[in-house]
Amino acid sequence: MKTIDRETVQKILDTADIVEVVSDFVHLRRRGANYIGLCPFHNERTPSFSVSRAKGICKCFSCGKGGSPVNFVMEHEQLSYWEALRYLAKKYHIEIQEHEVSDEERRQMDERQGMMEANDFAMNHFERNLADTPDGRDIGLSYFRERGINEWAVKRFHLGYSLDRRDDLLNAAKQQGINEKYLVATGLCVKTDRGSLYDRFKARVMYPVFTIAGKVVAFGGRTLRTDKEVAKYVNSPESLIYSKSRELYGLYQAKQAIVKKDKCILVEGYMDVISMHQQGVENVVASSGTSLTSGQIRLIHRFTDNVTVIYDSDPAGIKASLRGIDLLLAEGMNIKVLRLPEGDDPDSFAQSHTAEEVEAYLDSNEVDFIKFKMDILLKDCDNDPIKRSKVLGSILKSIANIPVELTRSFYIKECSLRFGIAEAVLMRQLQVDITKLRENNEVIARKQAAVESIGNITAPADVAPQQSDDSVPEVDSELNDATPAPAVPDAANPHASVLAPQEKALLRLMLKYGMVDLEDGFGLTDTGERLKVIDYIREDLEVDNMSFTNRVYQQIYEEAIQLRHSSWSSDYADHIAIAEQHKEEALATGRAQIQQTASTMEEINIGEKKLADRCETSYQEELRNFAAGYFEKHFVSHPDDAIRSVATSLVIEKHQLSKIYFKNTKVESEIDRLNDLVPRALIALKYDMARCYSDDLRRRIHALQSNPDGYDLQEILALMTQQQKWQQFCANLASKIGERVYEPLR
């Protein structure tokens, strides 16, 4: 088995012109050095989508989407990283060279590929059963017709039917040469204790489950029998390629409509989704009867911040589903809730109304979630103060999940008016709930991660940093191909808000200027080269035994170090040859023009000297720009979603000074101030890291003093001594920064 080799990937990235790629989908017009157009990812009237050919990056400064040519194609066409590379290779007529993968890579790829092929065969088999067999037409297709599903919807969702036979799929798959182990691994077949196989799905209408990229990873099968001993639904088990917590039914078909409408409608079942799509409301997905998970919510969040949850009229079902909304609130989503008329569910409501009527009902009846929760829960309370107190407590717990303080304050005001309780009282209880929620997250984080959240730093004098007992390890996010990890430290990290800005500032300098030379005063490398920004950052971090606490930031940093030692020399040598060629071409063109226009040898000599100076300046500037953009270019087209997202967000600048301003004013650019900016960024990070250690010691001291069984006074005095030295260390760093005094954490 083969995959695209590194040289081909690099050729694609080097060839792809961001303006040409975006222009295939967006009408661009020039504005200064950049291009602008209407964003293709959301509806807008005023252009906010900026494209920089020099940087090879696009960005919408309204919705935030954009990136490198690869990232743009991935977002716009909903392709995987490797699919986007193949798209660009085809556009630029680049022949794709592939290399043989290792034995372990081959084993894993073979396993996944075999399972995908088995599922793909099964989907086609079930579709053929539905269309071409008597039982499929008389039973399966008749069922869909009775439910009002037309041919368009059957094909759009690839609906099928499994025959009432023990080994129908098994035998058909064997005839096509599909290995039995993949049928078992995907759950299509079940192996008995005696080693025999039989079909998991039998006499059921079949609903394939697609990934966001359109790959079949699972099935849901519904029986049409009335026998209560038979399970109504049977679903594929979780496997190497399928995790139910990371998939949403209908998202593959709905994603473009979600982006266009800037809203995702969330329902419960397969038929709800299919009927809504059939009626023209296509921005609809389903959790398929399971509770919402963080992975599913992040899938939605890729396309929109706005979610409308549709409930039927069953109060018991509504109350059981309210918990999932708290997860949506915690992710910063804007939640609306719609309750359908009595006796309706999304399926029946869609079947009995036109698309315009459904949309109109949504617009006029969807309400804010907190208001909806109040209305639902207060119905059973009458004037019972105990019940009303419990309802208010439940609502406050939901509000505690909202990450934005201003939004929380708005809801507190609403609760105050509704319940007749002072805002100050509600706010105090809310702070208690927020604290409890944070503590629960910390417990979960401790169970999920074993890595300390804060790395070591060389202590001042004889003091060694100590991790507090209640420190929180960083949590690994649920990562998959469709779900990029968060770009910030985990919220459970007690020092995340303190450390994140400084880590972000330092990483940004490294990405934008990592291979730029610093002045001679910073010393030389072991090979006699001028010290570069990445070298200075590495040496300074290693001296203090310090690292990035954000996992994605640390990954970027480590890979940048590897690139510096493994690829930089050869890549830079190649670019020197290119720059020298550009220089020679410019000299030749310039000399020809001078000889045509100059009238004396003196004019020729003066003209050629000025030309040589200009070409040398352009040559040096080209080399410097290559060095400055070396890491930036690599990471904004990185195959890892989380790394690519972080890098893109850090290197894109919303505003740039006009060339006219530079022409009339001597402006010292950021790249000219690196000798000051890089050391200051490192000192600022050390300063906040040291504040965190001092705060850890304070909490340890407080915990010991609060021990009801007594405490060791000598241990507390020792900790206080360490704390004083850390505080002095912070004060020394603060004086170096020159703009602040030591400020303890609060």
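1. A good place to start is with pairing: two strands pair if DSSP finds at least two bridges between them. Strands themselves (E, at least two residues) and helices (H or I, at least four) are DSSP runs, numbered from the N terminus. With that in hand, look at strand β4 (residues 49-52) and strand β5 (residues 57-60), which run antiparallel and are joined by four bridges. One place to look is V51, whose bridge partner in β5 is C58.

2. Before going on, a word on what you are looking at. This is a predicted model, in which local features need pLDDT of at least 70 and side-chain atom pairs count only at pLDDT 80 or more, while totals for chains, interfaces and linings use all residues. Residues are numbered from 1 along each chain as its sequence is written, and side-chain values use heavy atoms, with hydrogens and water left out.

3. Now widen the view to the sheets. Strands of a sheet pair through backbone hydrogen bonds, either parallel or antiparallel. One open sheet has five strands in the order β2-β3-β4-β5-β6, with antiparallel pairing. Its edges are β2 (29-31) and β6 (66-67), each pairing on one side only.

4. Another open sheet also has five strands, ordered β15-β14-β16-β17-β18, and here the pairing is mixed. Its edge strands, β15 (284-286) and β18 (367-368), each pair on one side only. Within this sheet, try following β16 (residues 306-311) and β17 (residues 334-339): they run parallel and six bridges join them. T308 stands opposite K336 in β17.

5. Which cysteine sulfur is nearest to that of C39? The sulfur of C60 is, at 3.6 Å, and C39 is in no disulfide. A disulfide here is a pair of cysteine sulfur atoms within 2.5 Å, and a search of the whole structure finds zero of them. C39 is buried (under 20% relative accessible area; exposed is over 50%, partly exposed in between; 1.4 Å probe, protein chains only), with a value of 6%. C264 is buried too, at 0%.

6. Helix α8 (residues 168-175) has D168, L169, L170, A172 and A173 as its buried residues. Just after α8 comes G177, with a positive phi of about 80°.

7. Finally, helix α23 (residues 568-597) packs with helix α24 (residues 601-628) at an angle of about 155°, their axes 9 Å apart. That makes α23 roughly antiparallel to α24, a label for angles over 145 degrees (under 35 is roughly parallel, 65 to 115 roughly perpendicular, the rest oblique). Axes are lines fitted to C-alpha atoms, for helices over the stretch in contact, and angles run from 0 to 180 degrees between N-to-C directions.
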